[in-house]
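Thank you all for coming. I would like to walk you slowly through one structure today, so please take a moment to look at the sequence and the model before I go on.

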Amino acid sequence: MVSPLPGVVRRVAVGPGERVEAGALLVVVEAMKTEHRIAAPRAGRVGRVLVAEGQEVAAGTPVAVLEEADDG
C-alpha cells in the first residue's frame, strides 16, 4: 500500500505479522488538515510496516506490505 498524497503519518494501526480483513485500517496520513485512511484492499497478513507516526511521506511512498494470509 502507498500514500495517496504527500503528508504526515498520524497513525499506524497495525504491526508486522497481524492478520487483517479487507477494509481494515492500516495507516492514516494527514494532508492539508484532512486525514486519509489507507486500508487493506483484501484480507491478508501485514508483512512489514514501512513508516512511523510523525514521518513525512511523499505521494506514492510505500507505507505497508500486505502478504497472503497463511492458514497456519
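Let me begin with a definition: helices (H or I, at least four residues) and strands (E, at least two) are DSSP runs, numbered from the N terminus. Two strands are said to pair if DSSP finds at least two bridges between them. Please keep in mind that this is a predicted model, in which local features need pLDDT of at least 70 and side-chain atom pairs count only at pLDDT 80 or more, while totals for chains, interfaces and linings use all residues. Residues are numbered from 1 along each chain as its sequence is written, and side-chain values use heavy atoms, with hydrogens and water left out.

With those words in hand, let us start with a hairpin, which is formed by E3 and E4 with 2 residues between them. In the turn sits methionine 32, which has a positive phi of about 50°. The two strands of this hairpin, E3 and E4, run antiparallel to each other and are joined over 6 bridges.

One residue to follow here is leucine 25, which lies in strand E3 and stands opposite alanine 39 in E4. Is leucine 25 buried or exposed? Leucine 25 is buried, at a relative accessible area of 15%, where buried means under 20% relative accessible area, exposed over 50%, and partly exposed in between, using a 1.4 Å probe and protein chains only. If we count a contact as heavy atoms within 4.5 Å, and leave aside neighbours within four places in sequence, then the residues in contact with leucine 25 include Arg11, Val14, Arg37 and Ala39. The C-alpha atom of leucine 25 is also 6.6 Å from that of alanine 40, a residue 15 places away along the chain.

Next, there is an open sheet of 3 strands, in the order E2-E5-E7, with antiparallel pairing. Its edge strands are E2 (19-20) and E7, each of which pairs on one side only. Between E2 and E5 there are 2 bridges, and valine 20 has glycine 44 in E5 as its bridge partner.

Let me turn to the nonpolar core, by which I mean a set of buried Ala, Val, Leu, Ile, Met, Phe, Trp, Tyr and Cys residues joined through side-chain atoms within 4.5 Å. The largest such core has 14 residues, and those with the most contacts inside it include Val9, Val20, Leu26 and Val63. Both E3 and E7 supply at least two residues each to this core, and E3 gives the most, with 3 residues. Valine 9, when residues up to four places away in sequence are not counted, touches a group of residues that includes Val27, Val29, Val51 and Val57.

A residue outside the strands also deserves a look, namely serine 3, which is found in the segment before E1. Serine 3 is buried, with a relative accessible area of 1%, and a polar atom of its side chain lies 2.6 Å from the backbone oxygen of leucine 5. Beyond four places in sequence, the contacts of serine 3 include Val29, Ile38, Ala58 and Thr61.

Finally, the charged pairs. Side chains of opposite charge can pair when their charged atoms come close. A salt bridge is here a side-chain nitrogen of Lys or Arg within 4 Å of a carboxyl oxygen of Asp or Glu. How many salt bridges does a search of the whole structure find? The search finds 3.

In one of them, arginine 10 pairs with glutamate 30, and the closest N and O atoms are 3.1 Å apart. Arginine 10 lies in strand E1 (residues 7-12) and glutamate 30 in strand E3 (residues 25-31), so this pair ties together parts that are 20 residues apart in sequence.

Another joins arginine 45 to glutamate 67, with the closest N and O atoms 2.4 Å apart. Because arginine 45 lies in strand E5 and glutamate 67 in strand E7, the pair ties together parts that are 22 residues apart in sequence.

Arginine 42 also forms a salt bridge, with glutamate 68, and there the closest N and O atoms are 3.8 Å apart. This pair links arginine 42, in the loop between strand E4 (34-39) and strand E5 (44-49), to glutamate 68, in the segment after strand E7 (64-67), 26 residues apart. Arginine 42 counts as partly exposed at 31% relative accessibility, whereas glutamate 68 counts as exposed at 60%.

Technical notes: Polar contact = N/O pair within 3.5 Å; in protein donor to acceptor, adjacent residues only side chain to side chain.
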